[in-house]
Amino acid sequence: MEKRKKRILVIDDDADHLFIVRELLVREGYEVLTHQSPFGAIGLITTAAPDLVLLDVNMPSLPGDDLAAFIKADDRTRNIPIVLYSATDEDDLRSAIVRLRLEGYISKGDAADLRMKVGYFLQKHEQDGALYSKELYAVD
């Protein structure tokens, strides 16, 4: 039986950037969905069930950190790992991660860093889920 590809949803208002990130991650073997607006993102996350959401912070209609707060507040989507993907100041990104309890951030502009960190965050989430399920069903 063939293992399902990891599904990544990239949300960014920049169409050119979405194209570049999609192509890079598809070459890495991921299934990649893109969405060019923060609006409708929760519905898309609910139906697509991505393994990871890469979320731009600097979107004019609804900043990514505000969208992340909505995603984490929704019972249907709160357990989906979110990684901020932005050119925003790293101190601001770190602050948002702590405040919103997100998985982490990736700075835009470094393709090698993107590939490495996406793999890391997917693996970490998978391991955390396995540990959680073992604890949940452990029998003494």
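How many helices and how many strands does the secondary structure of the chain come to? Five helices and five strands. Bear in mind that we're looking at a predicted model here. Walk along the chain from the N terminus and the elements go β-α-β-α-β-α-β-α-β-α.

**The sheet**

Those strands come together as an open sheet of five, ordered β2-β1-β3-β4-β5, with parallel pairing. At the edges sit β2 (31-35) and β5 (104-107), each of which pairs on one side only. Ignoring direction, the average turn between neighbouring strands of this sheet is 25°.

Let's zoom in on β4. On one side, strand β3 (residues 52-55) runs parallel to strand β4 (residues 82-86), and three bridges join the two. V53 has I82 of β4 as its bridge partner, while L55 stands opposite L84, also in β4. With β5, strand β4 pairs in the parallel sense as well, this time over four bridges. Here V83 stands opposite G104 of β5, and Y85 has I106 of β5 as its bridge partner.

Put side by side, those pairs look like this:

| Residue | Opposite or bridge partner |
|---|---|
| V53 | I82 in β4 |
| L55 | L84 in β4 |
| V83 | G104 in β5 |
| Y85 | I106 in β5 |

**Is β4 covered or open to solvent?** Mostly covered: five of its five residues are buried. That goes for both faces, with I82, L84 and S86 buried on one side and V83 and Y85 buried on the other. Its partner β5 has a similar story to tell. From β5, G104 and I106 point one way and Y105 and S107 the other way, and all are buried.

**The helices around it**

Two of the connections are worth tracing by eye. The unit made by β3, helix α3 (residues 64-73) and β4 is a right-handed β-α-β. Carry on and β4, α4 and β5 make a right-handed β-α-β unit too.

Take α3 to begin with. Its residues G64, D65, L67, A68, I71 and K72 are buried. Look down the axis of α3 and these buried residues fall within an arc of 155°, so they line one face of the helix. And what covers them? The cover over the buried residues of α3 includes β1, α2 (41-48), β3, β4 and α4.

Now α4. Helix α4 (residues 90-100) lies across β4 and β5, and runs at about 155° to β5. Which residues of α4 are buried? They are L93, A96, I97 and L100. Around the axis they cover an arc of only 100°, which puts them on the same side of α4. Flip to the other side of α4 and you find D91, V98 and R99 exposed. The buried residues of α4 get their cover from elements including α3, β4 and β5. Helices α3 and α4 thus appear in each other's lists: α4 is among the elements covering the buried residues of α3, and α3 is among those covering the buried residues of α4.

Helix α1 (residues 15-27) reaches over a good few strands: α1 lies across β1 (7-11), β2, β3 and β4, running at about 170° to β2. One residue in α1 deserves a look of its own, namely I20. Is I20 buried or exposed? I20 counts as exposed because its relative accessibility is 55%, and the cut-off for exposed is over 50%. I20 also makes a nice example of residues from separate parts of the sequence: I20 and A111 are 91 residues apart in sequence, yet their C-alpha atoms are 9.7 Å apart in space.

**The chain as a whole**

Stepping back, what share of the 140 residues in the chain is buried? The figure is 42%. The accessible surface of the chain is about 8,200 Å², and carbon and sulfur atoms account for 52% of that. As for contacts, take those between residues at least 6 apart in sequence: 60% of them join residues at least 24 apart.

Notes
Residues are numbered from 1 along each chain as its sequence is written. This is a predicted model: local features need pLDDT of at least 70, side-chain atom pairs count only at pLDDT 80 or more; totals for chains, interfaces and linings use all residues. Side-chain values use heavy atoms; hydrogens and water are left out. Two strands pair if DSSP finds at least two bridges between them. Axes are lines fitted to C-alpha atoms, for helices over the stretch in contact, and angles run from 0 to 180 degrees between N-to-C directions. Contact means heavy atoms within 4.5 Å. Buried means under 20% relative accessible area, exposed over 50%, partly exposed in between (1.4 Å probe, protein chains only). Accessible areas come from the Shrake-Rupley method with a 1.4 Å probe; for residues, only the protein chains shown count as cover. A crossover is right-handed if, with the strands pointing away from the viewer, the path from the first strand over the helix to the second runs clockwise. The arc is that of the directions from the helix axis to the C-beta atoms.
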